[in-house]
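I opened a fresh page for this one and want to keep the notes short. Here is what I looked up, in the order I went through it.

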Amino acid sequence: MKVHGRTRLITSWNGLSGNARGSVWLLVAGLLATLMITGIKQVGQRLPVIEILFCRQLLVFLLLTPALLRGFPGVLRTRRAPLHLSRCAVSIVAMLTGFTAVVHLPLAEVTAISFSRAFFATLLAILVLREVVGIRRWSATIVGFVGVLIVVRPGAEGIDIYAVFAVISAALVAGNVIMTKRLAETEGTTTIMVYHAGVLAAAYAVPAWWLWVQPTGVELGLIVVIAVLMSAVQVCMIRGYREAEASAAQPLEYVRLVYAAIIGYLIFAEVPTLWAWAGAALIIASALYTIHRNAIRSRGAN
């Protein structure tokens, strides 16, 4: 009976459209990503962020070890070492600022700010890739920036430094994406991941040792879960974007805001403010319009 039920489930799954299957993968990826940052927030209440990052990157490197050994030494050969190192440097700061923001800000707020990487990507495309951007995409970028300002809410009392960290992280993640795309043109996936995990683990090692706080068994278990969830998120996203069209898949990322609001309320008793929801709405509207315009450009339209 179990085999028959499983066969029927597989048949039903295969009968779905590519967009439907991809949507399921991406919805799962969003949930797992939110659970991952929830774990980071929980562990970060006592352990230094740098220690969490070191443990996570070390575990990721260990998970990559079988692939590294199978492809050694060819997997380490590269003619783009400077770009690998530049990407790692950007990642080091992006993770430090991003994880610190996660620990100190409400989950929904930090998630909303993270969506601003869409318009930072537009700015970087102009500055780095020399793309020509029309008035519509410029307008969407400005709207998204206004949304970030609403969430951050700079005023006479000053700006929350952790909100600034979240914005810096979003900008650096956008830069990381562009560098990853450049590397993917000539480098294999394993090569990119091994260099990234190895360099980051090495970079975090000394400050983690200096600031080390002995984790409890529960905290150590949570760090392992965080590393596993990160790998699972990558797998789900790869499957999702492979199955679904980009224009249909990308908007599903914003469901993470709903996940973050629910989990933040249930676990940390966080209630997003109206300002946070208003800013998030503008950021998401800006990002969705940018995705729409990019889809049009990819089809060769003006």
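**Entry 1: the overall make-up.** I started by counting elements, and the protein chain has 13 helices and zero strands. Reading from the N terminus on, I wrote the order down as α-α-α-α-α-α-α-α-α-α-α-α-α. A reminder to myself: this is a predicted model.

**Entry 2: burial and surface.** I then checked how much of the chain is covered. Of its 302 residues, 42% count as buried. The protein chain exposes about 15900 Å², and carbon and sulfur atoms supply 69% of that area.

**Entry 3: contacts along the sequence.** Next I looked at contacts in the protein chain between residues at least 6 apart in sequence, and 88% of them join residues at least 24 apart.

**Entry 4: one helix pair.** I picked helix 3, residues 49-71, and helix 4, residues 81-104, for a closer look. At what angle do their axes cross? I found roughly 120°, with the axes coming within 10 Å. Angles from 65 to 115 degrees would count as roughly perpendicular and those over 145 as roughly antiparallel, so helix 3 and helix 4 are oblique to each other. I also noted that their crossing is right-handed.

**Entry 5: who meets whom.** Which residues make up this contact? On the helix 3 side I listed V49, I50, I52, L53, R56 and Q57. They meet M95, L96, F99, T100 and V103 in helix 4. Sorted by class, the contact has eight nonpolar, two polar and one charged residues.

Key:
Residues are numbered from 1 along each chain as its sequence is written. This is a predicted model: local features need pLDDT of at least 70, side-chain atom pairs count only at pLDDT 80 or more; totals for chains, interfaces and linings use all residues. Side-chain values use heavy atoms; hydrogens and water are left out. Axes are lines fitted to C-alpha atoms, for helices over the stretch in contact, and angles run from 0 to 180 degrees between N-to-C directions. Helices (H or I, at least four residues) and strands (E, at least two) are DSSP runs, numbered from the N terminus. Angles under 35 degrees count as roughly parallel, over 145 as roughly antiparallel, 65 to 115 as roughly perpendicular and the rest as oblique. A crossing is left-handed if the near helix is turned anticlockwise from the far one by less than a right angle, and right-handed if clockwise. Contact means heavy atoms within 4.5 Å. Ala, Val, Leu, Ile, Met, Phe, Trp, Tyr, Cys and Pro count as nonpolar, Asp, Glu, Lys and Arg as charged, and the others, Gly among them, as polar. Buried means under 20% relative accessible area, exposed over 50%, partly exposed in between (1.4 Å probe, protein chains only). Accessible areas come from the Shrake-Rupley method with a 1.4 Å probe; for residues, only the protein chains shown count as cover.
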